[in-house]
Amino acid sequence: TGSPMAEVLEGHGISRRRKGVFSINKVKGHEQMKTYGQVVVFTLGEEKYGIEISCVKEIMKWAKPTELPQMPDAISGVIKLRNEVIPVISLRRQFGLPDVDRQADTKIIILEIDAVFVGINVDDVDEVVHVPSSAVEFPSALTAKAEMIYGIAKLQKYLLILLDIRAVFSPDVIDQIAENDAAPTGGDFRV
């Protein structure tokens, strides 16, 4: 018997790998959020955000990243996950919100964006929901400047801000991460 959160996640195609780490199983028929789909709901502050499940690879408990010098403020650092070094980006900082008091209570969502793995640090992961296209209002003049907002889903209990995860990160950040992933490994370290 798992936690209530584990049961909710497992009921939506997310399986437990080990305590605190979940992986996303392939969800047939829900590949494109543009028409309808499964959305991972997470919290930042008082608001609920959603990202399409197809780019989510894992959800894990907070692991303190190794900080790197001269990185943009939104990049918390890097973590090691199954021998892969993955950058972690604080969505709170990216969105201009203050850091939380207890970082250890937060979660990291591992995403795959254009064959690049990146972690996003969020306050909590709440659930996986099906969002029908009929429930989505697309950006109006008010939200048009916020390119990262795909739309607003009007769910029964709350409004859900749907993010275009590729637009959350500037292309140069993803390119920089991809370049670092493509850098040669091994060999001699020289100073």
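Let's start where β7 and β9 pair in the parallel sense, over three bridges. Keep in mind that this is a predicted model. Within this pairing, Val 88 stands opposite Gly 119 in β9.

Now look at the other partner of β7. Strand β6 (residues 75-81) runs antiparallel to β7, and six bridges join the two. One such pair is Ile 79 with its bridge partner in β7, Ile 86. The hairpin of β6 and β7 has two residues between the strands, and here Arg 82 takes a positive phi near 50 degrees. Strand β7 itself spans residues 84-90, and because five of its seven residues are buried, the strand is largely enclosed by the rest of the structure.

Back in β9, which covers residues 116-122, you will find Asn 121. With a relative accessible area of 5%, Asn 121 counts as buried, because the cut-off for that label is under 20%. Beyond its sequence neighbours up to four places away, Asn 121 touches residues including Val 88, Ile 89 and Ser 90, as well as Leu 44, Trp 62 and Gln 103.

From here, let's move on to the nonpolar interior. The largest nonpolar core has 27 residues, and those touching the most other members are Phe 42, Ile 51, Ile 109, Leu 111, Ile 120 and Ile 165. Among the elements giving two or more residues to this core are β9, β8 (107-113), β10 (124-132) and α3 (165-168). Leu 111 is a good residue to follow: its contacts include Ile 51, Val 116, Phe 117, Ile 120 and Ile 165. Apart from this core lies another, of ten residues, among them Val 39, Val 129, Val 131 and Tyr 150.

How values were computed: Residues are numbered from 1 along each chain as its sequence is written. This is a predicted model: local features need pLDDT of at least 70, side-chain atom pairs count only at pLDDT 80 or more; totals for chains, interfaces and linings use all residues. Side-chain values use heavy atoms; hydrogens and water are left out. Helices (H or I, at least four residues) and strands (E, at least two) are DSSP runs, numbered from the N terminus. Buried means under 20% relative accessible area, exposed over 50%, partly exposed in between (1.4 Å probe, protein chains only). Contact means heavy atoms within 4.5 Å. Two strands pair if DSSP finds at least two bridges between them. A nonpolar core is a set of buried Ala, Val, Leu, Ile, Met, Phe, Trp, Tyr and Cys residues joined through side-chain atoms within 4.5 Å.
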